[in-house]
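Got your viewer open? Let's take a walk through this model, one selection after another.

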Amino acid sequence: MTNKSNWRPLALSLTVLGAIARLLPHPPNFAPVGGMSLFAGARLPVWQAYLVPLALMAITDPIINAFYGYHAFTVMQLFTYTSFLIAVWIGRRLRSTESPWKIGAAVLVSSVQFFLITNFGVFLGAYPHTFSGLAACYVAAIPFFGRTLLSDAFYAGVLFGLHAVLSRMATRERVAATV
């Protein structure tokens, strides 16, 4: 476990970089926001963990939506933002660990809840409100789940990995400076 005093500025910087990365061209459903939300929950103070990802989404969504010709904000974003808040909550369970197994399990749970919640929003807006409509919606979304899971795992791995390495380097530098 690294020194907690190293977490805040470094974790905040990595979270912001993760959000900015979503503005870069990327394949559909391969964005840093899920991994970034888990990481923010695990490594930022509670108020920042929830506020920073939402604020960064609220800033970058209108930019991305304008590029594609969509409205700045849509009802669907309520489902998406709720899912990312849940990802932060899941990340809060990782505050005292660097275990790749626990982080990996959190990534899986977070990706599944994102799939279930956001596609329920799609169902409400675009499918008949029947059981078969719900089933059809989730079946149609299955091809997108793999990319979401891969991107969550990739970005969470990068963010948690960079944070662990950079925190250790900062701790070593601080110890060396006092010797």
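Start by selecting F154, which is partly exposed, with a relative accessible area of 44%. Keep in mind that you are looking at a predicted model.

Now add F30 to your selection. F30 and F154 make a tilted aromatic pair, with 6.0 Å from centre to centre and 35° between the planes. Trace the chain from one to the other: F30 sits in the loop between α1 (7–21) and α2, F154 sits in helix α6, and they are 124 residues apart. Select Y155 as well, and you have one aromatic cluster made of F30, F154 and Y155.

Next stop: F39 and F160. How are the planes of this aromatic pair arranged? They are edge-to-face, with 85° between the planes and 5.3 Å from centre to centre. F39 belongs to helix α2 and F160 to helix α6, so this pair ties together parts that are 121 residues apart in sequence. Buried or exposed? F39 is buried, and F160 is buried too. If you feel like hunting for others, the count for the model comes to ten aromatic pairs.

Time for some empty space. Rolling a probe the size of a water molecule over the atoms shows where space is left empty. Turn on the surface and look for the largest pocket, with a volume of about 1400 Å³. To find its centre, select R22, N29, I64, T80 and F114, the closest to it of the 43 residues in the lining. Then colour the helices α2 (33–43), α3 (46–68), α4 (76–92), α5 (100–126) and α6 (131–178), the elements that each give two or more residues to that lining. Which of them gives the most? That's α6, with eight residues. Colour the lining by residue type and you get 27 nonpolar, 13 polar and three charged residues.

Last stop: helix α4. Put a ruler on it from the first C-alpha to the last: its 17 residues reach 25 Å, close to the 24 Å expected at 1.5 Å a residue. Now select its buried residues, among them Q77, T80, Y81, F84, A87 and V88. While you look along the helix, here's a handy rule: an α-helix has 3.6 residues a turn, so residues three or four places apart point the same way. What covers the buried residues of α4? Show α2, α3 and α5, which are included in that cover.

Key
Residues numbered from 1 in each chain as written. Predicted model: local features only at pLDDT ≥ 70, side-chain atom pairs only at ≥ 80, totals over all residues. Heavy atoms only, no water. 1 Å grid on protein atoms, 1.4 Å probe; cavity = no way out; pocket = protein on both sides within 12 Å on 5 of 7 lines; lining within 4 Å. Points joined across faces, edges and corners; volume = space filled by probe spheres on them. Helix = DSSP H or I, 4+ residues; strand = E, 2+ residues; numbered from the N terminus. Nonpolar A, V, L, I, M, F, W, Y, C, P; charged D, E, K, R; others polar. Expected span 1.5 Å × (residues − 1). Buried < 20%, exposed > 50% of the residue type's maximum accessible area, 1.4 Å probe, protein only. Contact = heavy atoms within 4.5 Å. Phe/Tyr/Trp six-rings, centres within 6.5 Å; stacked < 30°, edge-to-face > 60°.
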